[in-house]
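Colleague: Got a minute to go through this model with me? I'd like to start with one residue and then wander a bit.

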Amino acid sequence: MHIIKIDPRALKDNPDDARKSKSTPQGDALLAATIKAVGIIQPPVVSPEADGGNGFIIQAGHRRTRGAIAAELEEIEVIVTDPADDGGAMRSMVENIAREPLNPVDQWRAIERLVALGWTEEGIAAALSLSVRQIKKLRLLANVLPAMLDQMAKGDMPDERQLRTIAAASIAEQKEVWKAHKPKKSETTTWWSVANGLSKTRMYARDASFDDELAQAYGIAWVEDLFAPADEDSRYTTDVEAFLGAQQEWITNNLPKNGMITESNNWGQPELPKKAERVYGKPKKSDCTAMYLDRDGKVQSVVYRMPEPKAAKGKGGDGGAVAPAQRPDVTQKGQDMIGDFRTDALHEALQRAPIEDDTLMALLVIAFAGQNVRVDSGSGNTGSFRSQIAPHAANLVDETGNLAFDTDTLRVAVRSVLIEVLSCRRNMSNSGIVSRIAGTVVGADSFLPNMGTGDFLLCLSRQALEAACADTSVLPRNKVRDTRAALVEHFQEERFVHGSALFAPEANELADWKAHNEIVEDEDATDADGSVEHPEEGDIDPDAVSEGFREAAE
């Protein structure tokens with residue numbers, strides 16, 4: 001056995017190597033980076049070719065050899081040994097089976113040892129192909145109480161959240177908690193109890209409204225949470241009193257006009273003055289602002305409105321006698337009668353009066369915004385149906401209550417109403433066959449997504465999957481999952497829409513719907529003399545009425 005230097009590219013792989021599975025690209029990149037930084041620590045073992053060749057066969061160290069080639073090393077040291085009778089098959093098997101990965105606790109301690117020997121965090125990160133943040137995280141874990149580390153080295157590991165809480169506590173705090181929760185022999189640790197005993201309320205810098213100057217004034221020192229995602233501000237403090245004090249001072253210094261400082265109740269909502277009405281829309285100049293701290297210590301603000309002051313009862317402004325209550329011009333019963341009169345007149349006008357087509361569409365939008373309308377919408381918008389439609393309806397009316405709009409505004413309003421009303425979802429918002437008819441009319445089939453995905457094809461039976469293969473180059477497999485996988489791969493480049501998803505309703509379904517909803521002439525709509533009531537010919541302007549209304553009038 002002796003050591004020589006050789007070009008790693010001249011070494012040949014051992015056909016009897018036990019490890020046939022390829023390593024991950026990440027692992028190979030890490031190995032190449034460490035070799036480039038510190039070289040090969042353990043030289044590969046090689047033996048001369050047994051068939052009279054002048055080359056060398058790798059017995060142990062195939063990945064190290066490939067890593068040296070990736071690191072562009074011209075020469076490496078290798079240990080030359082005599083070839084084994086079995087070609088090194090048993091030696092390769094023993095080496096790979098007996099290998100054990102480095103214990104996580106040993107990794108933490110090893111990094112501390114490297115630092116003690118003069119290595120910088122940046123140098124360790126470069127040698128191990130890790131980020132500096134990861135090295136700092138491991139160094140933080142090395143500050144865990146040694147007794148806890150010994151327990152973790154046995155394989156009794158907490159989860160990451162628990163480990164984060166433990167590592168953030170001081171050694172003295174860890175010692176006290178460990179004394180109370182240390183497990184007995186042959187038992188595992190209840191790490192959630194340990195973490196719970198060390199947990200502290202954290203107030204994060206990203207939730208702070210105050211600046212660094214105010215933070216220094218309150219003695220707030222930010223600590224970085226090395227376990228948090230790297231793309232977010234993870235600084236925090238456990239000095240809750242100082243954090244909340246700085247937030248309160250910031251509110252005091254930035255309180256707007258007509259503003260007040262309040263507190264949150266048990267449900268996290270601000271305590272507003274009595275009879276105050278919270279404003280969710282656009283505030284007025286006379287509205288007030290309440291600022292408060294929520295449960296996370298964030299500054300929140302709400303706008304509220306106080307009711308108009310009522311006129312003082314009793315004596316008038318001139319000290320005279322109390323004015324007698326005046327009876328309203330119309331009583332409540334009279335208002336009810338007016339409501340009936342208006343409704344009958346409105347319905348008769350809608351039936352008989354000439355109305356332009358665009359006016360009809362605008363009135364339809366406005367009608368859907370009525371407070372007596374309820375629609376279970378399938379659009380997914382939050383809030384009630386009326387709250388989604390009312391802005392479009394208000395946009396069609398001017399300040400005098402008359403219709404005022406252009407064609408584009410009307411078109412957007414009508415489309416919005418249709419979107420909110422029509423739904424094919426299989427829940428309470430389902431519009432039924434009318435949504436299928438609407439989809440056919442507007443050509444919604446062309447907007448259906450590609451259904452050739454694993455999630456949808458998993459819902460199809462064997463017969464349906466084989467039918468989907470008919471118009472493709474995919475042949476049905478013996479196993480359903482193989483057919484499904486082949487279809488998924490095929491439809492990555494093409495679009496697939498299952499026939500049952502098309503909008504056109506079945507002919508018999510459409511016929512049943514039309515028959516069930518056939519218009520039957522109302523026999524009760526007769527005049528006092530028994531004749532059916534018809535509108536007078538002069539009451540209708542044929543040129544201004546739509547075709548449907550003209551047919552109804554005739």
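Colleague: Which residues does Thr 165 touch, not counting those up to four places away in sequence?
Modeller: Those are Ala 195, Leu 198 and Ser 199. Keep in mind that this is a predicted model.

Colleague: And where is Thr 165 found?
Modeller: Thr 165 sits in helix H8, which covers residues 160–168.

Colleague: Does Thr 165 count as buried or exposed?
Modeller: Buried, because its relative accessibility is 17% and the cut-off for buried is under 20%.

Colleague: OK, zooming out. What does the secondary structure of the protein come to?
Modeller: There are 22 helices and 12 strands. The protein has 554 residues, and 29% of them are buried.

Colleague: What about contacts between residues at least 6 apart in sequence: how many of those join residues at least 24 apart?
Modeller: That share is 67%.

Colleague: Switching to pockets. What volume does the second largest pocket have?
Modeller: About 1000 Å³. Its lining has 28 residues, and the closest to the centre are Cys 424, Ser 435, Gly 439, Ala 444 and Phe 503.

Colleague: Which helix gives the most to that lining of the second largest pocket?
Modeller: H17 does, with six residues. Helix H17 spans 433–441, and helix H16 (407–421) also supplies at least two residues of the lining.

Colleague: How do the residues of that lining divide into nonpolar, polar and charged?
Modeller: For the second largest pocket you get 16 nonpolar, eight polar and four charged.

Colleague: Now helix packing. At what angle do the axes of H1 and H5 cross?
Modeller: Roughly 125 degrees, and the axes come within 6 Å. H1 is residues 25–38 and H5 is residues 121–128. The two helices are therefore oblique to each other.

Colleague: Which residues meet there, between H1 and H5?
Modeller: From H1 you have Leu 30, Ala 33, Thr 34, Ala 37 and Val 38, and from H5 there are Ala 126, Ala 127 and Leu 128. That contact of H1 with H5 divides into seven nonpolar residues, one polar and no charged.

Colleague: Last stop, H2. Which residues in helix H2 are buried?
Modeller: His 62, Arg 64, Thr 65, Gly 67 and Ala 68 are buried in H2, which runs over residues 62–70.

Colleague: And what phi does Glu 72 take, just after H2?
Modeller: Glu 72 has a positive phi, about 65 degrees.

How values were computed. Residues numbered from 1 in each chain as written. Predicted model: local features only at pLDDT ≥ 70, side-chain atom pairs only at ≥ 80, totals over all residues. Heavy atoms only, no water. Helix = DSSP H or I, 4+ residues; strand = E, 2+ residues; numbered from the N terminus. Buried < 20%, exposed > 50% of the residue type's maximum accessible area, 1.4 Å probe, protein only. Contact = heavy atoms within 4.5 Å. 1 Å grid on protein atoms, 1.4 Å probe; cavity = no way out; pocket = protein on both sides within 12 Å on 5 of 7 lines; lining within 4 Å. Points joined across faces, edges and corners; volume = space filled by probe spheres on them. Nonpolar A, V, L, I, M, F, W, Y, C, P; charged D, E, K, R; others polar. Axes fitted to C-alpha atoms, helices over the stretch in contact; angles between N-to-C directions. Parallel < 35°, antiparallel > 145°, perpendicular 65-115°, else oblique.
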